[in-house]
Amino acid sequence: MKPNLGTPDILSRREAAAFLGICLTTLDRLDIPRTRVRHRVMFKRDVLNKWIDDHTENTKRGKI
């Protein structure tokens, strides 16, 4: 069986910060669900996408 060479489902802190376009300090301050294994912090890609969807503001301000 070949390993999955596509985009990983689990991201490191650095990868998650790059995915969101923010610095590590900002990522650490956000209330995004994460998994810890010893000292390693990991983020699931689908959780990051859901967090983005949940925190996206509606930019429509009425009809023109």
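Colleague: Is Arg-45 buried or exposed, and which side chain of opposite charge is nearest to Arg-45?

Modeller: In this predicted model, Arg-45 is buried yet has no salt bridge, and the nearest side chain of opposite charge, Asp-9, is 5.3 Å away. A salt bridge would need a side-chain nitrogen of Lys or Arg within 4 Å of a carboxyl oxygen of Asp or Glu, which is why this pair does not count as one.

Colleague: Where does Arg-45 lie, and which residues does Arg-45 touch beyond those up to four places away in sequence?

Modeller: Arg-45 lies in helix 3, and, with residues up to four places away in sequence left aside, Arg-45 touches Thr-7, Pro-8, Asp-9, Leu-11 and Phe-19. Leu-11, in turn, has among its contacts Phe-19, Val-41, Phe-43 and Leu-48, counted in the same way.

Colleague: Which residues make up the largest nonpolar core?

Modeller: That core has ten residues, including Leu-11, Val-41, Phe-43, Leu-48 and Trp-51. Helix 1 (13-20), strand 3 (40-44) and helix 3 (45-54) each supply at least two residues of this core, and the largest share, three residues, comes from helix 1.

Colleague: How should I read the strands, and which ones pair with strand 3?

Modeller: In a regular strand the side chains alternate between the two faces of the sheet. Here strand 1 (residues 10-12) pairs with strand 3 in the antiparallel sense over three bridges, with Lys-44 as the bridge partner of Ile-10. Strand 2 (residues 35-37) also pairs with strand 3 in the antiparallel sense over three bridges, and there Thr-35 stands opposite Met-42.

Colleague: How many residues lie between strand 2 and strand 3 in their hairpin?

Modeller: There are two residues between them, and Arg-38 in the turn has a positive phi of about 55°.

Technical notes
Residues numbered from 1 in each chain as written. Predicted model: local features only at pLDDT ≥ 70, side-chain atom pairs only at ≥ 80, totals over all residues. Heavy atoms only, no water. Core = buried A, V, L, I, M, F, W, Y, C linked by side-chain atoms within 4.5 Å. Buried < 20%, exposed > 50% of the residue type's maximum accessible area, 1.4 Å probe, protein only. Helix = DSSP H or I, 4+ residues; strand = E, 2+ residues; numbered from the N terminus. Contact = heavy atoms within 4.5 Å. Pairing = 2+ DSSP bridges. Lys, Arg positive; Asp, Glu negative; His and termini not counted.
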